[in-house]
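Got the model open in your viewer? Here's a short walk through it, one selection at a time.

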Amino acid sequence: MKKIIFSFFIILLLFLLYILARAAMFSSSQLKVETVEAVDTPPGAVDRFVQAIAIRTVSFANEYDFDSTQFEMFNEFIENNYPNVNEKLEHQLFSHYSHLYRWQGSDPSLKPLILMAHLDVVPIASPRKWSFHPFIEGVKNDTIYGRGAMDDKFSLISILEATEQLLNEGFQPNRTVYLAFGHDEEVSGKKGALQIVNYLKENNVEAELVLDEGSAITHGMIPNMRNDIALIGIAEKGYATMELRVDMDGGHSSSPPKETAIDVLSSAVSRVKQNPLPLHLTPAISGFIDKIGPAMDFKSKILFANKNIFSSLILKVLANGSGGTNASVRTTTAPTIFESGIKENIIPTSARALINFRIIPGETPQTVKDHVEKVVNDERIKVEYHGFKSKPSPISPPKGQIYDLVDRSIKEIFPNVLTSPSLVIAATDSRYFHDISEHVYRFTPNYITPENLKCFHGIDERISVEEYQNGIRFYRRVILNSDELRTN
Ligand SMILES: [Zn+2]
């Protein structure tokens, strides 16, 4: 017996030594990059950004609210302000307001690079809560104000400025560069990005790299981390909404039956909510652990350096963590509409609820529906898809030459950031581009902080002039660095 206890302790000790040694040896795999000198940004660049924001290219949920004159004005804005882009790049319009520019590379055998952004913005939901005018405030105290300052005129104008500047210098890239600007990203991208990608497919264009919005540089967002972390989105979540509906006898509320439509439906919604979908350690989270883990405190390192042993514990910590980490490890469940009843003393004959799911790679709308039906387990309730649905995107490699190009371009401009793969929890136009490229990444070079997070699609959207200037420098580096790729 003593021998058994003794051997047990020896094994335990060896195990502890093993995980501690792994934590101690868990060293950085961050790409080492030399910073490049910050080039001057083009004169008038800030003014042009302010002008672009002043054009109210709003995508409304109801398409009858679409204001075509604003979108016409945006077409004219690009035409009037970027002479080299207009003169030297081939240009095509899709659905009148989405743009595809083609900058011919010197070596036609090389696969092209596609830089994406969208020119539409979301509406102003509560204008009174804004502390400035959402479209015409302009620039004050080194800050550019207004809807689109972050999402996504920031990257669109930065891409145009970088391209115009390089054209002005007489630069021609090795590989062809496309600029793809959709005008309906905020309402599906079907008239813009989808048409552009269909056209590229018809012309057998296969891209080496596609870069769109999606993730950014986080500042003060990751617990126990002092460094800023640039997140590079390697995939994005899917989307589905389920309608749960029950039809039953109604009646007078003075003599209610044992169970009503409202009772049945509310307990079903509650069951769905209490039985979340399973946790997944996706390549994005796994990559985050490898890239960021070594910079964390020793306690976290013990977990992260031994992620294969502690995966279920890590997933539980992330599922319960603050800052939306739950959304990065599972399909989320969000009841969004609950409807029933017409009068206080009538028992309704039907009840209906909508539950919105954001689907993690590894699951599909169908597996989510199967899960809901199983958990509801009540044949009085019909479960059906409601509205738009999409599968999660494929996953682009979280390493390799093409990923490193994005990584390198970030570090050349932002020397102190750490970089990491990530999963984008919202939808972007780039999901359509997986059909024409294995390397679709999502990153814009702006900072997300606990303070400005609420500005995104919310109130007081703004960006600093310095961030904008670094945005131009970043896209410039992406184009220049694509010349160094040693691939076809
Ligand atoms: Zn956007």
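Start by selecting helix H12 (residues 401-413) and show what surrounds its buried residues: the cover includes strand S7 (209-212), strand S9 (229-236), strand S16 (418-424), strand S17 (440-442) and helix H13 (465-482). Helices (H or I, at least four residues) and strands (E, at least two) are DSSP runs, numbered from the N terminus. Contact here means heavy atoms within 4.5 Å.

A quick word on what you're looking at: this is a predicted model, where local features need pLDDT of at least 70, side-chain atom pairs count only at pLDDT 80 or more, and totals for chains, interfaces and linings use all residues. Residues are numbered from 1 along each chain as its sequence is written, and side-chain values use heavy atoms, with hydrogens and water left out.

Stay on H12 and color by burial: ten of its 13 residues are buried, where buried means under 20% relative accessible area, exposed over 50% and partly exposed in between (1.4 Å probe, protein chains only). Among the buried ones are Ile-402, Tyr-403, Leu-405 and Val-406, along with Asp-407, Lys-411 and Glu-412. Now put a ruler on the end C-alpha atoms of H12: they are 19 Å apart, which agrees with the 18 Å that 13 residues should span at 1.5 Å a residue (the expected span is 1.5 Å times one less than the number of residues).

Next, keep H13 and add helix H5 (residues 153-168): the two pack at about 55 degrees, with their axes 8 Å apart. Axes are lines fitted to C-alpha atoms, for helices over the stretch in contact, and angles run from 0 to 180 degrees between N-to-C directions. That makes H5 and H13 oblique to each other; under 35 degrees would count as roughly parallel, over 145 as roughly antiparallel, 65 to 115 as roughly perpendicular and the rest as oblique. Show side chains for the contact, including Phe-154, Ile-157 and Glu-161 of H5 and Tyr-468, Tyr-475 and Arg-476 of H13.

Now step back to the loop between strand S5 (143-145) and H5, and pick Asp-152. A cis peptide bond joins Asp-151 and Asp-152, with omega about 0 degrees.

Two last stops, both for phi. Asp-142, in the loop between strand S4 (138-140) and S5, has a phi near 60 degrees, a positive value in a residue other than glycine. Asp-142 is exposed, at 59% relative accessible area. Finish at Asn-204, in the loop between helix H6 (193-202) and S7: phi is near 55 degrees, and Asn-204 is exposed at 68%.
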